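Here is a short round of questions on terms and the values behind them. Each answer sets a value against its definition.

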Amino acid sequence: MHLWIINPYAITPNMAGMTRHYSLARVLKQYGIDVTIITSDVHYLTRRSARSYGAAPYHFEEIEGVSFLWIDVPGYTLNSWGRVKSMLAFAARVYRKAWAVSMDEPDVVLASSPHMFGAWAAARLARVYEVPFILEVRDLWPESLVQIGGYVPGHPAVRLLEYLERYLYRKADAIVTLLPGASDHFIEKGAQPDQIHWIPNGVDLNLIDQPVFPHQPGPFTVMYAGAHGIANALDAVLDAAALLAQEAPDLDVQFRLIGDGVEKCRLAQRVEDERLYNVQLEPPVPKAAIYKKLSAADAFIVNMKRSSLYRHGISFNKLFDYMAVARPVVFASNAPNNPIAEADAGVTVEADNPRSLADGVRQLARMSAQERWQMGLRGRRYVEQGYNMTVLGQRLKTVLEAATGSKIAVEKSVPGDAA
């Protein structure tokens, strides 16, 4: 079987960000499924080209048995018309499929929805090749545009995305959702209940060493590693840092924010203007190296904007990365699902509330290192049991079997995989 995964934000482990589809492809390869990931050459965090292959419109690359096709699209700076232009360019070049002449035809096309335009082009490709189309929903569009972006429901862009949303739900032979409570939303928009499958984000344990007890000297280090965008609500984290510096200097808490995004420059200016000496902003780190960096933390922090968008649940990739290195998490959330509470792997506080965030950090900082270590180990066991990519890849295999009506071969060994 040959699977095409179309995701303009897909990356490799030597780049910073989420490697979900690379890791799933590695698992599927064990079952004899050849995967080609069709992606954009513009990195979604830096908003610039992440590849260097001259002026060619596309470029093939193979990494650990997973084929990548990089499509050249224009970069951009802010969430503005430049970003829309980049999205449309990707969709147009996928749709024209000039790159496909040297490739085996697909048996299945799967599109992920960081934006709807690329998914629309993927649905059209599946129709051309007369193969099943699987839609993976990572973000709910246009609801995200209204709830996080501040657009009014009647805006032309919102109406266009709502039309695309309904079209894609109707055309999909299967829908894979990362959100545990989104089924009612899909059904309301035209999806069939038996088409919907929950496959959340998770962790590729092949990329991670066994966790170690935190022996690092120095300040109590609270870390955030991920996108610096509007939805990440990092202003509240800076506000919490300011509160702790003023109210609990004896704790010596240091915040380290690792990553990039459209809010990074503004946040850096805040740190400088407000003299937040207990906050350090750092550049993004490739996925293959991030876990060593994460192991230097004493605790992690995740904050969400207070929004009805999260009523469908959450599946933050960074949250499972944090749990995998066995450190406790301050989780500021109003979502109905809560991995931290389920695993007893940290403290849960009110979303987007600097006071609550500061109190949560203070609570962990005043615990013994052994108490925090036990919390972290419970988080590690939680992701090992239900959120590792081996398990999630097997679930995607089942979806592929149902969509194609064919049984996929038994598992094969892949050189380099962990035993």
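The questions below deal with strands, pairing and burial.

This is a predicted model, in which local features need pLDDT of at least 70, side-chain atom pairs count only at pLDDT 80 or more, and totals for chains, interfaces and linings use all residues. Residues are numbered from 1 along each chain as its sequence is written, and side-chain values use heavy atoms, with hydrogens and water left out.

Q: Why is strand β1 (residues 2–6) called mostly covered?
A: Buried means under 20% relative accessible area (exposed is over 50%, partly exposed in between; 1.4 Å probe, protein chains only). In β1, 5 of its 5 residues are buried. His 2, Trp 4 and Ile 6 point one way, Leu 3 and Ile 5 the other.

Q: How do you know that β1 pairs with β2 (residues 34–40)?
A: Pairing requires that DSSP finds at least two bridges between two strands. β1 and β2 have 5 bridges and run parallel. Ile 5 stands opposite Ile 37 there. The strands themselves are DSSP runs (E, at least two residues; helices are H or I, at least four), numbered from the N terminus.

Q: What makes β1 and β5 (residues 108–112) a pair?
A: They share 4 bridges in the parallel sense, so the requirement of at least two is met. Ile 6 has Ala 111 as its bridge partner in β5.

Q: Why do β11 (279–282) and β14 (346–349) count as edges?
A: The open sheet has 6 strands in the order β11-β10-β9-β12-β13-β14, with parallel pairing. β11 and β14 each have a single partner strand, so one side of each is left without a neighbour in the sheet.
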